[in-house]
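Reader: I am new to reading protein models. Could you take me through a single part of this one, step by step?

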Amino acid sequence: MLTFTIRRLLLAIPTLLAISFIIFAILDLSPGDPTSQIPLTVPPEVREHIRTSLGLDEPFIVRYLLWLKQFFINEPLNILEEWTGYTFGDGDRLRISSWATRSPVVDLIVERLPQTLWVVGMSYVVGALIAIPIGVISAYKQYSWFDQVGTFVSMIGFSVPTFFTGLLLIVIFAVNLQWLPSIYDTTLRVTDWSSFVAQIKQMIMPTMVLALYNASQISRFMRASMLDNLNQDYVRTARAKGMKEKTVVLVHVLRNSLIPVVTVIALGVPQVFGGAIITEQIFKVNGLGQLLIIGIQGADIPLVQTLTFIFAVLIVLFNLVADILYGVLDPRIRYD
Amino acid sequence: MLDAATESAPLVRIQGLSKHFPIHAGLIRRQVGVISAVDRLTFDIRRGETLGLVGESGCGKSTAGRTILRLYEATEGAIIFDGTDIAGLSGEQLRRMRPRMQMIFQDPQACLNPRMTVGQIIAEPLDEHGSLSRADKRARVEELLDAVGMNKGFANRYPHEFSGGQRQRIGIARALALDPDFIVCDEPIAALDVSIQAQVVNLLEDLQERLGLTYLFISHDLSMVRHIADRVAVMYLGKMAELASRDALYHEPLHPYTRALLSAVPVADPKIEATRKRVILQGDVPSPANPPKGCRFCTRCPIAVDKCQWEVPEWREARPGHFVACHLAE
């Protein structure tokens with residue numbers, strides 16, 4: 001398993017380099033321009049000067065290599081310096097900075113990450129926790145009313161976009177009933193019970209919107225996987241052994257059915273970090289999704305490039321995690 | 001062995017056993033019909049004997065075996081196992097009967113839980129139905145592995161690490177764990193190499209002798225059934241066609257379907273093989289969702305008469321111990 005992991009990590013290096021090049025090329029070829037937001041009254045020479053100061057007059061390949069150096073050498077060294085307190089070299093390195101805010105991109109990400117992890121991450125956890133029992137019962141009682149209702153609800157959750165469910169929830173719970181706030185307040189600090197309740201309240205709606213979507217996906221996987229296993233001979237064997245029905249379903253069937261579901265869940269984790277662009281916009285959660293959309297609107301190439309690349313790294317990483325989980329959970333799979 | 005078995009009461013009595021699977025179709029999945037996979041079977045399985053159950057694919061052999069063990073809910077009929085009708089039992093009462101009747105499956109890979117070690121698979125029913133100490137359980141698992149000719153050290157391995165024949169031995173050890181009286185062998189050798197088939201069949205025979213087991217041996221391999229069975233039952237399209245002692249059935253088959261089946265078995269002697277006359281059946285097996293009204297075999301029977309089309313032949317004892325369902329059998 002260890003050699004497999006190391007081999008996969010080594011293989012990930014060329015993959016990620018290729019991805020970073022493609023992202024950079026796409027962003028460079030796209031029509032946006034960082035100076036387009038500046039008022040038209042600004043004369044063309046000044047505009048040109050701004051472009052030069054951003055390094056846009058350099059050839060494509062130079063800019064790409066510079067970004068690589070900043071991302072893979074300068075930023076990690078900088079993080080290391082902050083953690084350890086040592087200074088490497090002269091400590092004066094060019095960091096990747098956002099064109100729009102002039103602040104280092106990594107700092108922006110660190111600032112935004114907690115909100116995204118709380119809201120989107122929680123929705124993922126809640127979604128999985130709802131989905132697994134629903135999938136199990138749906139499969140065990142296939143075509144029962146529970147299964148029919150479950151299928152119907154997950155079809156809705158799957159096909160109705162989050163901007164619709166989000167607005168619907170806002171209309172019902174924030175506007176009409178006035179139970180929950182429609183805007184997520186990032187400045188809220190959880191210090192006592194009442195602020196904790198306020199935090200829970202503002203998290204409910206964005207979390208539920210995303211949880212519905214995640215749960216409908218995962219519950220379908222869970223149901224299909226359970227159905228695959230329920231008709232297997234080993235389940236019949238377990239019944240023939242005279243095991244209790246609970247043992248048959250929860251020990252024999254569920255454990256085997258969870259193997260593919262756990263890997264699907266692992267593969268979905270990068271989405272959590274990616275944030276939910278639309279849901280974060282609706283509820284004004286200033287997370288990573290919102291950061292990305294602002295960056296795209298302002299043609300803030302370093303920001304978009306860095307964020308997208310971090311997502312790519314996470315996707316590659318969690319693919320590996322899913323494969324390793326498979327090997328751990330299923331004794332039939334051996335990588336060495 | 002057969003003589004001794006004849007005298008005592010049968011271990012399993014099947015009376016009018018049917019298993020129908022509903023067919024659902026349409027928008028609201030209304031039940032539009034049934035597949036009568038097993039239709040009104042009546043026969044006995046004597047203590048200590050091996051009853052062979054043969055028939056072509058899809059004739060309901062496996063369904064019959066599973067229904068007898070109550071792995072399926074019987075639609076109607078009685079399954080009297082050692083004096084108790086288990087067709088009506090449910091839940092806990094049924095579970096308490098499970099240790100006495102076990103099953104060996106066709107696919108030795110699929111019937112073992114891939115995430116449990118061989119030791120766990122064999123020991124699981126011991127936990128459920130017995131109260132053995134850890135050491136006793138360990139000893140029992142090793143004893144069982146030994147009984148099926150496997151190394152004791154294999155208990156900690158997973159099923160996928162074994163060959164098909166070894167897995168089938170594990171399946172047999174698993175079935176034996178609770179000292180059953182009755183084992184349904186559902187095509188236990190069909191998925192194995194010919195060289196391994198003989199080993200497994202010999203093992204089954206050997207265990208029968210040592211432990212006094214009763215087998216229902218489901219197979220489509222007529223030569224193997226001839227080798228292992230004391231009596232043989234032939235099924236066609238969910239119904240019993242003929243049941244007789246092995247020799248009577250193989251030498252004097254009364255049902256035209258049995259005759260056709262037996263004529264298809266190749267003979268190892270080339271002289272006889274050259275003169276062997278095959279009864280070739282025309283057409284396909286009708287759908288069990290819409291079986292023929294009279295005798296189920298009438299659409300393909302070479303000797304069918306008018307009566308066969310509309311009157312279901314009665315299951316009768318044509319000769320002592322020789323049952324047949326055919327109007328024309330004398």
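Author: What follows is a close look at chain B, from its overall build to its sheet, its core and its contact with chain A. Keep one thing in mind: this is a predicted model.

Start with the whole chain. Chain B has 12 helices and 12 strands. How compact is it? The radius of gyration of chain B is 21 Å. The globule rule gives 20 Å for 330 residues. The two values are close, so chain B is as compact as a globular protein of that length. Along its principal axes, the C-alpha trace of chain B spans about 70 × 60 × 45 Å.

Now look inside. Of the 330 residues in chain B, 40% are buried. Next, take the contacts in chain B with a separation of 6 or more. Residues 24 or more positions apart account for 63% of them.

Turn to a sheet. In chain B, 4 strands form an open sheet. Their order is S2-S1-S4-S5, and the pairing is antiparallel. Which strands sit at the edges? They are strand S2 (30-45) and strand S5 (84-85) of chain B. Each of these pairs on one side only. Now zoom in on one pair. Strand S1 of chain B covers residues 12-25. It runs antiparallel to S2(B), and 11 bridges join the two. Here is one spot to find on screen: B:Leu17 stands opposite B:Leu41 in S2(B).

Next, the core. The largest nonpolar core has 136 residues. Two of them, B:Leu216 and B:Phe217, touch the most other members. Chain A takes part as well: its helix H4 (residues 105-140) gives the most to this core, with 12 residues. Stay with B:Leu216 for a moment. What does it touch, leaving out residues up to four places away in sequence? The list begins with B:Ile45, B:Leu51 and B:Leu53. It goes on with B:Gly65, B:Ile68, B:Val184 and B:Cys185.

Last, the contact between the chains. It takes 22 residues from chain B and 17 residues from chain A. On the side of chain A that touches chain B, two elements give two or more residues: helix H8 (233-240) and helix H9 (245-274) of chain A. H8(A) gives the most, with 6 residues. What kinds of residue make up this side of chain A? By class, there are 7 charged, 5 polar and 5 nonpolar residues.

Methods
Residues are numbered from 1 along each chain as its sequence is written. Chains are lettered from A and ligands numbered from 1 in the order in which they are written. This is a predicted model: local features need pLDDT of at least 70, side-chain atom pairs count only at pLDDT 80 or more; totals for chains, interfaces and linings use all residues. Two residues are in contact if their C-beta atoms, placed from the backbone, lie within 7 Å. Ala, Val, Leu, Ile, Met, Phe, Trp, Tyr, Cys and Pro count as nonpolar, Asp, Glu, Lys and Arg as charged, and the others, Gly among them, as polar. Two strands pair if DSSP finds at least two bridges between them. The radius of gyration is taken over C-alpha atoms; the globule rule is 2.2 Å times the number of residues to the power 0.38. A residue is buried if 20 or more other C-beta atoms lie within 10 Å of its own, exposed if 12 or fewer, and partly exposed in between; C-beta atoms are placed from the backbone. A nonpolar core is a set of buried Ala, Val, Leu, Ile, Met, Phe, Trp, Tyr and Cys residues joined through C-beta atoms within 7 Å.
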